[in-house]
Amino acid sequence: MKNTAVTTARVLIIDDDRELGEMLKEYLQPEQFVVDACLSGEDGIDTLRGGNHDIVILDIMLPGMNGLEVLKQIRDMSDIPTIMLTAKGDDVDRIVGLELGADDYLAKPFNPRELLARLKATLRRAPTSTAVASRLAVGAIELDIKAQKVVAGSASIRLTGTEFELLRCLAEAPGEIISKDDLSNRALGRRHMPYDRSIDTHMSNVRRKLGDAGVSNPSIQSRRCVGYCLLVEE
Amino acid sequence: MRSLHLRIFLAFWLIIVLTIVTAASLGFFYAERARSSLQSFEVSDAMIEASEALRDRGRAGLVTWLESLPFVAESVIYIVDEQGRELLDRQLPGPVRMTLRRSMMQAAPRQQRPSRAREPDSLRPARPFAELVGPAGDVYTLIVLPPQTAVARWLSERGGLGLAIIALLVSAGVSYLLARAISKPISRFRESTAAIAAGDLDTRMASGIEKRSDEIGELAKDFNHMTHELQLAWQRQAELTSNVSHELRSPLARLKVALELARRETGELAELDRIDVETERLDEIIGQLLTFSKLDANPHEAGESVDLAELLAGVIDDVQFEHVHKAVDIDLRCDSDISINGYPLALRSAFENLLRNASSHGGGQIQVTVQAEGGHAIVEVQDQGGGVSEAELARLFEPFYRASTSGESQGAGLGLAIAARAIAIHDGLVDARNTDEGLCIEVRLPSQSNTPSQSNTEVTT
């Protein structure tokens, strides 16, 4: 039996290529997606403010308002799952995008099947879709799995879906080293690829956000070339 | 003697010294001639006048006569009494004073010496100067010197050697400055052309040279203008390549979506798979073009210390993964920890392309060795693909060049060109040779102890 919560998801595509938007609409519709397309960043942000979209596909190479700037404004507004489209080989855009809180990226031109897989994987991590009501306490923080919130004392720490999922992977087995392959499979829903530094970037975001909230226990440790582990001091 | 600076300097100096020597000898000859003519004529006249004055009015007459001499001849005639005093209390020129003292010392003891008898009367030590004998038997020495110019007098008093040394030093200094004014801008031009050839199009001649109003200044202005134009053309070309690549990717993205839509309508078709493969290939070529133009236009991501072994291990993993269907075995041998100061992404792309090339053309066992050798890291990639012909070896690193043995491969023939370019921006060298097994590509990079930044400072100083 299919999960009824994901039968239809509303996708907003922000890309200046009108034809590509139309074709993606055509491609995604049979896959239970309702697609809106905007041709500019400003337009996209306005549409996002009014509508109730579940996920955003954002082209970083937008004319006019830069895609990264759009991403920043989206993140100021909400934690809506965002997949960015980057130029192949432009590692700087990709890394900056992930640092700004994009959940995943896809190099353009992409295989639409790959896009579909990413959309589904990213949506699966979104707050409303998982209904496991549990809380996970590690050190000074507490993870609210259902609400996808991290609470440190009285303050709550804002994480994107992907960042939360990564922290959760580590928190479920404190002290254990989790490989990047595992992290990628579980948090990004895809195999860890060569040249891919997404996990590292997401992880440094989580680390920074924990640090900003004054949390030093637990701490995220990286093991070069292997993976990450969450260190908890009793 | 190779240096232009030294040659110009010596030429100038030689000319100046020759001029000085010629002028000095001419002056000396004229002075000599004047001296001899004076001595032959006027001296005897003066002696007669002086002896008449002494005879008539004694010492006082002599003084009056000396004083009455015309001003031009002021220093020509000196009269010294037996005590060595000049009658008008004038200072005698140095050499004259010494000769006089010597002759007086010879004359004086003779009268007191008891052995006087042994000296024959016919022998008298020559006195270089005329003597006047007064009515009372007092003896005066009359010294006549040829008229001298102020410079000659100064020279005879202070010594000509000092002047000669000063002349040498001054002329050397002037020659040095002159030579430097010509050769310095030339060596600056040389440094700048070398920097431009090395790819640094930001190089300009210093504004100090450019502001000169002479031909060298004009040359510097033209030079800077030329470099500016060159830089603009280069940038335009790189931008064009980059823009074209980006523009090509938009239709490619639509093509891929269209392909999936077609697949959904018609199901899997061999032709559609073929379109898919070709689209991927096109994408790969565009990617390579973009990488290549980026390396040319702006290789300067942030430089950092790169651990070569770690970088290579990562690249080998990736390439092995790409060729997982082809049973490629890459073996890495690294004899020590070698770090390179460089741009990680560019270095990565260099070795990635070398290994991809070895994997797709050579296949089988690929041996990668890293060695340190005198401030350099040497990386060798040895494949077992049978190599290429000698004629093709040299062209292997040219963009879009494909060796005849390469067969049907992906990419635009840019892989090795990208590698060579990326190695070049690290001041490195890449070279290919045939071995018994196949093709061996050797990369030579300055290792950390010998960083690229050091060689830069060498150019600027």
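Two strands pair if DSSP finds at least two bridges between them. Helices (H or I, at least four residues) and strands (E, at least two) are DSSP runs, numbered from the N terminus.

The model treated here is predicted: local features need pLDDT of at least 70, side-chain atom pairs count only at pLDDT 80 or more, and totals for chains, interfaces and linings use all residues. Residues are numbered from 1 along each chain as its sequence is written, and chains are lettered from A and ligands numbered from 1 in the order in which they are written.

**Exercise 1. Describe how strand S9 of chain B is joined to strand S10 of chain B.**

Step 1. Strand S9 covers residues 429-434 of chain B, and strand S10 covers residues 439-446 of that chain. Six bridges join the two strands, which run antiparallel.

Step 2. Asn434(B) has Leu439(B) in S10(B) as its bridge partner.

Step 3. The connection from S9(B) to S10(B) is a hairpin of four residues.

**Exercise 2. Derive the strand order and the edges of the sheet that contains S10, S11 and S12 of chain A.**

Step 1. The order is S10-S12-S11 in an open sheet of three strands, and the pairing is antiparallel.

Step 2. Strand S10 (178-179) and strand S11 (219-223) of chain A each pair on one side only, which makes them the edge strands.

Step 3. S10(A) is joined by two bridges to strand S12 (residues 227-231) of chain A. Within S12(A), Tyr228(A) is the bridge partner of Ile178(A).

**Exercise 3. Test the length of helix H8 of chain A and locate its buried face.**

Step 1. The expected span of a helix is 1.5 Å times one less than its number of residues. Helix H8 of chain A (residues 198-212) has 15 residues and should therefore span 21 Å; its end C-alpha atoms are 21 Å apart, in agreement.

Step 2. A residue is buried if 20 or more other C-beta atoms lie within 10 Å of its own, exposed if 12 or fewer, and partly exposed in between, with C-beta atoms placed from the backbone. By this criterion the buried residues of H8(A) are Ser198(A), Ile199(A), His202(A), Met203(A), Val206(A) and Leu210(A).

Step 3. Seen down the axis of H8(A), these buried residues fall within an arc of 125 degrees, so they line one face of the helix. The arc is that of the directions from the helix axis to the C-beta atoms.

Step 4. Arg208(A), Gly211(A) and Asp212(A) are exposed on the other side of H8(A). Just after the helix, Gly214(A) takes a positive phi of about 80 degrees.

**Exercise 4. Characterise the buried face of helix H1 of chain A and state what covers the buried residues.**

Step 1. The buried residues in H1(A) are Leu20(A), Gly21(A), Met23(A), Leu24(A), Tyr27(A) and Leu28(A). Down the axis of H1(A) they fall within an arc of 165 degrees, so they line one face of the helix.

Step 2. Their cover includes strand S1 (9-14), strand S2 (33-38) and H5 of chain A, together with helix H7 (215-266) of chain B.

Step 3. Lys25(A) is also found in helix H1 of chain A. With 16 other C-beta atoms within 10 Å, Lys25(A) is partly exposed.

Step 4. Two residues are in contact if their C-beta atoms, placed from the backbone, lie within 7 Å. Neighbours within four places in sequence aside, Lys25(A) is in contact with Val35(A) and Ala37(A).

**Exercise 5. Analyse the side of chain A that touches chain B.**

Step 1. The contact takes 19 residues from chain A and 19 residues from chain B.

Step 2. On the side of chain A, helix H1 (18-28) and helix H5 (112-124) each supply at least two residues. H1(A) gives the most, with six residues.

Step 3. By class, this side has 10 nonpolar, two polar and seven charged residues. Ala, Val, Leu, Ile, Met, Phe, Trp, Tyr, Cys and Pro count as nonpolar, Asp, Glu, Lys and Arg as charged, and the others, Gly among them, as polar.

**Exercise 6. Place Leu88(B) in its surroundings.**

Step 1. Leu88(B) lies in the loop between strand S1 (77-80) and helix H3 (94-112) of chain B.

Step 2. Leu88(B) counts as partly exposed because it has 14 C-beta neighbours inside 10 Å.

Step 3. Apart from neighbours within four places in sequence, Leu88(B) is in contact with Val63(B), Leu66(B) and Glu67(B). The C-alpha atoms of Leu88(B) and Val63(B) are separated by 7.0 Å, and the two residues are 25 residues apart along the chain.
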